[in-house]
Amino acid sequence: MRKLIDNDLLTMLSRLLIGGMFLVASWYKILEPSDFARSIWYYHLVPGYLINLMSVIIPWLEVVIGVALILGLGYRGAALWSNLLLIVFVIALSTTIVRGISIDCGCFKAAEQANHSAWKAILFDLAALIPAVHLLASRSRRWTFAES
């Protein structure tokens, strides 16, 4: 099992998958920060004075994570941050279901009223956690700038 987890090609595939996902997810958020701020507001989890700050920080954090994973710069930190963000997204989406708020996630486009699409987003994020956790577990450093 350890040999499979440390496989260089599988680790690179996970890096490209999670890194690419974060880069794609950041795109609309950077281009449409007001729409992303509205998406954050729909969750009713963050005080109003933090929404604009979060709508600026999160997309650029996703860019940094995506680039770091793909290029192998700061690989361990990027892998950790990708897992943390995915867990936060799952928790945030779960709270909307528990509180009866029907929205889609706002992950790749602006959130809006929707019927039970939060479940789809949770399943997507849980599936994305598989390669993200793999990145934390893998000891492969091939094609990275990690110090040996």
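His-44 sits in the loop between helix 3 and helix 4, where helices are DSSP runs of H or I with at least four residues, strands are E runs of at least two, and both are numbered from the N terminus. His-44 isn't a glycine, yet its phi is positive, at about 55 degrees. With 46% relative accessibility, His-44 counts as partly exposed; buried means under 20% relative accessible area, exposed means over 50%, and partly exposed is in between (1.4 Å probe, protein chains only). The model is a predicted one, in which local features need pLDDT of at least 70 and side-chain atom pairs count only at pLDDT 80 or more, while totals for chains, interfaces and linings use all residues. Residues are numbered from 1 along each chain as its sequence is written, and side-chain values use heavy atoms, with hydrogens and water left out.

A similar backbone note goes to Trp-143, in the segment after helix 6 (117-137). Its phi is near 65 degrees, again a positive value in a residue other than glycine. Trp-143 counts as partly exposed, at 43% relative accessibility.

The two helices on either side of His-44 also pack on each other. Helix 3 (residues 33-43) and helix 4 (residues 48-71) meet at an angle of about 115 degrees, and their axes are 9 Å apart. That makes helix 3 roughly perpendicular to helix 4. Here axes are lines fitted to C-alpha atoms, for helices over the stretch in contact, and angles run from 0 to 180 degrees between N-to-C directions. Angles under 35 degrees count as roughly parallel, over 145 as roughly antiparallel, 65 to 115 as roughly perpendicular, and the rest as oblique. On the helix 3 side, Pro-33, Phe-36, Ala-37, Ile-40 and Trp-41 meet Ile-51, Asn-52, Met-54, Ser-55, Ile-58 and Pro-59 of helix 4, with contact meaning heavy atoms within 4.5 Å. By class, nine nonpolar, two polar and no charged residues make up this contact of helix 3 with helix 4. In that tally, Ala, Val, Leu, Ile, Met, Phe, Trp, Tyr, Cys and Pro are nonpolar, Asp, Glu, Lys and Arg are charged, and the others, Gly among them, are polar.

Helix 3 also packs against helix 2 (residues 8-31), at an angle of about 110 degrees and with the axes 5 Å apart. Helix 2 and helix 3 are therefore roughly perpendicular to each other. Tyr-28, Lys-29, Ile-30 and Leu-31 of helix 2 make this contact with Pro-33, Asp-35, Phe-36 and Ser-39 of helix 3. The class count for helix 2 with helix 3 is five nonpolar, one polar and two charged residues.

Over in helix 5 (residues 75-98) lies Leu-86, which counts as buried at 1% relative accessibility. Leaving out residues up to four places away in sequence, Leu-86 touches Met-21, Phe-22, Asp-125, Ala-128, Leu-129 and Ala-132. Leu-86 and Lys-29 are 57 residues apart in sequence and, C-alpha to C-alpha, 16 Å apart in space.

As for the whole chain, the protein has six helices and zero strands. Buried residues account for 43% of its 148 residues. Of the contacts between residues at least 6 apart in sequence, 75% join residues at least 24 apart. The C-alpha trace spans about 45 × 30 × 20 Å along its principal axes.
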